[in-house]
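Please open the structure in your viewer and keep the selection tool at hand. The stops below are meant to be followed in order.

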Amino acid sequence: MTTNIRIDLFSDTKTRPSAAMRQAMAMAEVGDEQVDEDPTTNLLQERVAKLLGKEAALFTPSGTMCNQIALAVHCRPGEEVIADKTAHIVNSEAGGMAAIAGAQARTIDGVRGVFTAEQLQAALRMPARISPLQRLVSIEQTANLAGGTIWPLSIVSEVAEVARAAGMALHMDGARLLNAAVESGIAASSYAAPFDSVWIDLSKGLGCPVGAVMAGSAQFISEAARIKQRLGGAMRQSGMLAAAGIYALDNNVARLAEDHANARDFARIAAQVQSVIVDADAVETNIVVFDVAETGWTGPDLARRLLEDGIRVSVIGPTLMRAVTHLDVERAGVIEAAETFVRIIKQTH
Ligand SMILES: *Cc1c(COP(=O)(O)O)cnc(C)c1O
């Protein structure tokens, strides 16, 4: 399957560590992370805590583990988490919310992954013995399956206010928080301010091979470290991985703007075909979600056809597809992918 892929827009997880990043990894000073003795991991954690405006941070093997740790710290079994219906914690973590924290989800039908304070208010339950306790509100910045939408700061604040008034904690799945920050010019720490827990992924658009870092209060992070240990996420000489993270924070953040420009161009070219449903103006970051229902193609068939030309995109529904731009696909590749997509559809109809 993967042999002839020239232009891989499947996900920004496809990025591979550059030579310079590998060099930084090879040279990293290391120690035993499980007892806080890895200096490079400690440095990365300090960097991310500062970046996100929190007291402390914790390096973990993955973003999924950050979400699962946060759920387990915030929630007891039987409690409820409110999130958008497209949320990664609801759809893409193998039921971990129920299996590990023992929590259940109440989903909101947001617009492109973003719900309003009014919608959150409507999702609150009357306190009653028969109702689950509502413990946590989780938002995704940017909203992945919805098409990389940025949660506007004003909506974040309003939603946070309603959550607080209801006595709930707040979690941000910030897998692509830095994409939002670069695009909007708003500091990551400003987006993160109302949240008890927030994490960024290193292994997506930042180009690292492994890892995510979660930030919060010193007390939250101390509890999170215990759950990380319980899940088997505690590592040893993780400085080799953390060094990639530090390298990425120094070198790969500002350039995310290029990915966003490339995604908009992909969408604009794809939108030239009338039967393709894509709102090019709504593309804010590095993700383009488009519907091919009216082209006569199914998502899987079209994805297979594109692969014949060495182009890979992902299929996220029967006719729904997703292209994600990132640092391993240059502008010319993105344009070629979009033009090939258009040509294939025009040829068949
Ligand atoms: C990728 C992703 C995750 C999971 O991160 P991993 O590092 O792949 O485990 C969680 N949430 C969102 C929004 C993501 O895009």
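**A walk from residue to residue**

Select aspartate 291 and, setting aside its neighbours within four places in sequence, you will find this residue in contact (heavy atoms within 4.5 Å) with Ser275, Val276, Ile277, Thr319 and Leu320. This is a predicted model, in which local features need pLDDT of at least 70 and side-chain atom pairs count only at pLDDT 80 or more, while totals for chains, interfaces and linings use all residues. Residues are numbered from 1 along each chain as its sequence is written, and side-chain values use heavy atoms, with hydrogens and water left out.

Show the side chain of threonine 319 as well, since a polar contact of 2.8 Å joins it to the side chain of aspartate 291; such a contact is a pair of N or O atoms within 3.5 Å, where within protein one must be able to donate a hydrogen and the other to accept it, and residues adjacent in sequence count only if both atoms are side-chain atoms.

Move next to alanine 94, whose phi is near 55°, a positive value in a residue other than glycine. Alanine 94 is exposed, with a relative accessible area of 81%, where exposed means over 50%, buried under 20% and partly exposed in between, for a 1.4 Å probe and protein chains only.

Then select arginine 112, where phi is near 50°, again positive in a residue other than glycine, and which is partly exposed, with a relative accessible area of 32%.

Finish at the peptide bond from glutamine 141 to threonine 142, which is cis, with omega near -5°.
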